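Subject: Handover of a structure and a summary of what was found in it

Dear colleague,

Please find below the structure that I am handing over to you. I would ask you to look through it first and then to read the notes that follow.

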Amino acid sequence: MGKLYGYAGRILRLDLTHRSAVKIELPYDMARDFIGARGFGAKILWDEVKPGVDPLCPENKMILALSPLAGTAAQSFHRTFAMFKSPLTCGYFRSTGGGFFAAEVKSAGYDAIIIEGRAEKPTYVWIHDDDIEFRDAGHVWGATVDGATEILREETDKNARVLAIGPAGERLVRVACLVTDDYRTPGRGGGGAIWGSKNLKAIVALGTKKPELFNEDLFRELVKEQIDVYKRSPLFDAFHSLGTNSVVYQFYTLGHNPTYNFKNTELENAEIWRTEVLEKYVIKHYGCFTCMIACGKKWKLTKGPYAGLLWDFPEYETHWSLGSTCGITNLEAIAYANMLCDKYGLDTISTGAIVAFAMELYEKGILTDRETDGLRLRWGDGDAMVELVRKIALREGIGNILAEGTARAAEIIGRGAEKFAMHSKCLELPAYDPRAAKAHGLSYATSNIGGSHMIGWNKYEILGMPEKVDPLTVEGKGVLAKRVQDQIAAFEAAGWCAFAELVQTAGYGNVEKTMEWMGKVLYAATGIEEFKDPGYIWLVGERVYNVERAFNVREGMTRKDDWLPERLQKVPFPRDPARGQIFELDRLLDDYYAARGWDAKTGVPTRKKLEDLGLSYVADELEKLGKISS
Amino acid sequence: MKVLVEFLGYAARKVGRNWLWVEVNEGETLRDVFLKYLGLRLENEVVEALMNAFMRGEVRVAVNGRVVGSLDAKLNDGDKILVFPIAAGGDTCFEKMF
């Protein structure tokens, strides 16, 4: 096999039970077959986490993996991808966040970290190049992310990068997340609870190594092309000046940004999300490692009860989850609750969705003042939302039930609560309504990680870019959902940022050029010949997607799990432009499975499909378990 | 009939207002709104710039939330028209697009 350029060339295995660290050489064929990041996670989870494992027990593993381009001069390839069996979905999960942590792990000399076992007591891991130390974290256990991060940097190195959990993860809140030292979050799926169950408070990393590139000149030329395309892209300025806040109001008008727990009636005062209002709060711009888009912003609040706050701004999804879906248009309360989520380590999307669920239960009398300890969960009440976020983070009172996520909380509460739990595979649905964007909604239903907007973010239906597709039609949406999902899986195996891909594709005007460029830059860095062929890059995307699906099939998931709540399937959408629309789940699923080459009745990948993707060993195991026929 | 025309981002900046009500006749279209009616209230070069941006796909027009491909859409009483850049925000867009 060839030499591996570009990659660090090592995987770090951390056994928390035995406090041991083992460095393994990265196999060439794993790099060639799965590229990196999400691809590595899918492969290792399939190989190492057997079906039926309880996500919060020591046998579960989390893989943190990065792009082969992490730490290089390529723009926007420096994200952390966290793959694990989720305590929410009990299936495969991938969660991703930006910042500087991934580039530092690469500098320390690792392409991936496998976290396994359970520490006997609160622990953090200090990675300094080849030196790995398991250190006591008792003194910072219980602290918020920012508090703990400051102390841990003092005792390791002030330039170290940190990935940590807060009190929510420690308390095994199922929607708890990991948070970087600059408050970027691999947010979804309950990864924070997994670290809590392993008594792992943080990973601190510092490195000094630089990867060797295969063809420096070609690489430099391709990065220059990337920068030129970013600069001329019609999306660059908007992301650069306002990040995801640049689309909130338009999306509401276009039928996205669902209100009132997906009841989707008109929201008064939605003008609060116009860009000229939101930009007034911005006092600083910042970005992730080597990304000139720099979509991060800091807000300052100068009025109301939360005046004085200076923190990361709420993203589009957060304006929805702590705002529109709760009927809240109080920007100050949204910003404050967003900060609490960062400090406690909570996924803002799921947390806000849980608040909206609780508000609907309160409205219907299913939850009363007695159960909420007098907290009146009225629609539109920003202060009540802030208090409920705190209760969820610390598992206080009703928060202890809501911390389980909407699906499990609905089961515990009973009394018809499940009708109002807006999730798919137990992951709370984010800021788009399937009735207003059908292929995008089809991705919510079929996603390997449950109700995710990013697994199949449909730029064709939502942005009309690179070509406009009518979001309300049903024909051809199976093929469209598959295409988008495979493209995303491919560029996430390459470890690229989804916003950056959007910016670059808008700059080129088509997706094919983007994928061709990406394959070339991967080849220039790594020397792996196969990457030169864009067809191969698309294939890797489909391969990763199918391995993820196979993991879930092995866990017992089938067509019945590719599901959306009744409200979306039966209740006509009440406002323009999707007025009258429902989500035709069965018809769209049939279309999708046909496009995927999967069994129409069960939604399981066929042997032929798996073999075409080079996954015979996956097919063999599924056949042994009786999940597919030969 | 009355229709509401709302502007976002640099479209709002160029026009100088966030919204205005426009009185139109039965059977008239978006094109009439832009060329006839907005032309009465705004400067010619502003209307021209908006039309050009629309042709280039940099600015979208949605009627009651549905993005339209052409300005020949007939209007109804009370229609809400949104004129918006694909994504809005920041002073730098303003110079580049116009």
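Is E5(B) mostly covered or mostly uncovered? The strand is mostly covered, with 5 of its 6 residues counted as buried. Before going further, please keep in mind that this is a predicted model.

**The surroundings of E5 in chain B**

Two strands of chain B are joined to E5(B), and they may be taken in turn. Strand E1 (residues 2-7) of chain B runs parallel to E5(B), and 4 bridges join the two. Within this pairing, Val5(B) has Ile81(B) as its bridge partner in E5(B). Strand E3 (residues 59-63) of chain B, in contrast, runs antiparallel to E5(B), and 5 bridges join them. Here Phe84(B) in E5(B) stands opposite Arg60(B). Both arrangements are known in general: strands of a sheet pair through backbone hydrogen bonds, either parallel or antiparallel.

**Chain B as a whole**

Chain B contains 4 helices and 5 strands. If you follow the sequence from its start, these elements appear in the pattern β-α-β-α-α-β-β-β-α. The chain has 98 residues, of which 36% count as buried. Among the contacts in chain B with a separation of 6 or more, 62% are between residues 24 or more positions apart.

**Where chain B touches chain A**

The contact between the chains takes 19 residues of chain B and 24 residues of chain A. On the chain B side, two or more residues come from each of helix H1 (9-15), strand E4 (66-67), strand E5 (80-85) and helix H4 (91-97). The strand with which these notes began, E5(B), is thus also listed at this contact. Of the contributing elements, H4(B) gives the most, namely 3 residues. Sorted by class, this side of chain B has 10 nonpolar, 6 polar and 3 charged residues.

**Chain A as a whole**

Chain A holds 26 helices and 16 strands. Its radius of gyration is 23 Å, close to the 25 Å that the globule rule gives for 630 residues, so chain A is as compact as a globular protein of that length. The C-alpha trace of chain A spans about 65 × 55 × 50 Å along its principal axes. Of the 630 residues of chain A, 62% count as buried. When contacts in chain A between residues at least 6 apart in sequence are considered, 70% of them join residues at least 24 apart.

**The domains of chain A**

Which domains does the assignment give for chain A? It gives domain 1 (10-206), domain 2 (244-421) and domain 3, the last written as two stretches (434-496 + 533-624). The C-alpha centres of domain 1 and domain 2 of chain A lie 27 Å apart. Their contact takes 29 residues from domain 1 of chain A and 25 residues from domain 2 of chain A. On the domain 1 side of this contact, helix H4 (145-155) and helix H5 (167-170) of chain A each supply at least two residues. The largest share of that side, 3 residues, comes from H5(A). By class, the same side of domain 1 has 14 nonpolar, 10 polar and 5 charged residues.

**A sheet in chain A**

Chain A also has an open sheet of 3 strands, in the order E12-E13-E14 and with antiparallel pairing. Strand E12 (282-286) and strand E14 (310-312) of chain A stand at the edges with a single partner strand each, so one side of each has no neighbour in the sheet. On average, and with direction ignored, neighbouring strands of this sheet are turned by 25° against each other. E12(A) and strand E13 (residues 296-300) of chain A run antiparallel and are joined by 4 bridges. In E13(A), Lys297(A) is the residue that stands opposite His285(A).

**One residue in a loop of chain A**

Is Lys601(A) buried or exposed? Lys601(A) counts as exposed because it has 10 C-beta neighbours inside 10 Å, and a residue is called exposed at 12 or fewer. Lys601(A) is found in the loop between helix H24 (585-596) and helix H25 (607-612) of chain A. Along the chain, Lys601(A) and Ile203(A) are 398 residues apart, and their C-alpha atoms are separated by 44 Å.

With kind regards

Definitions and conventions:
Residues are numbered from 1 along each chain as its sequence is written. Chains are lettered from A and ligands numbered from 1 in the order in which they are written. This is a predicted model: local features need pLDDT of at least 70, side-chain atom pairs count only at pLDDT 80 or more; totals for chains, interfaces and linings use all residues. Domain bounds come from an automatic or database domain assignment. Two residues are in contact if their C-beta atoms, placed from the backbone, lie within 7 Å. Ala, Val, Leu, Ile, Met, Phe, Trp, Tyr, Cys and Pro count as nonpolar, Asp, Glu, Lys and Arg as charged, and the others, Gly among them, as polar. Two strands pair if DSSP finds at least two bridges between them. Axes are lines fitted to C-alpha atoms, for helices over the stretch in contact, and angles run from 0 to 180 degrees between N-to-C directions. A residue is buried if 20 or more other C-beta atoms lie within 10 Å of its own, exposed if 12 or fewer, and partly exposed in between; C-beta atoms are placed from the backbone. The radius of gyration is taken over C-alpha atoms; the globule rule is 2.2 Å times the number of residues to the power 0.38.
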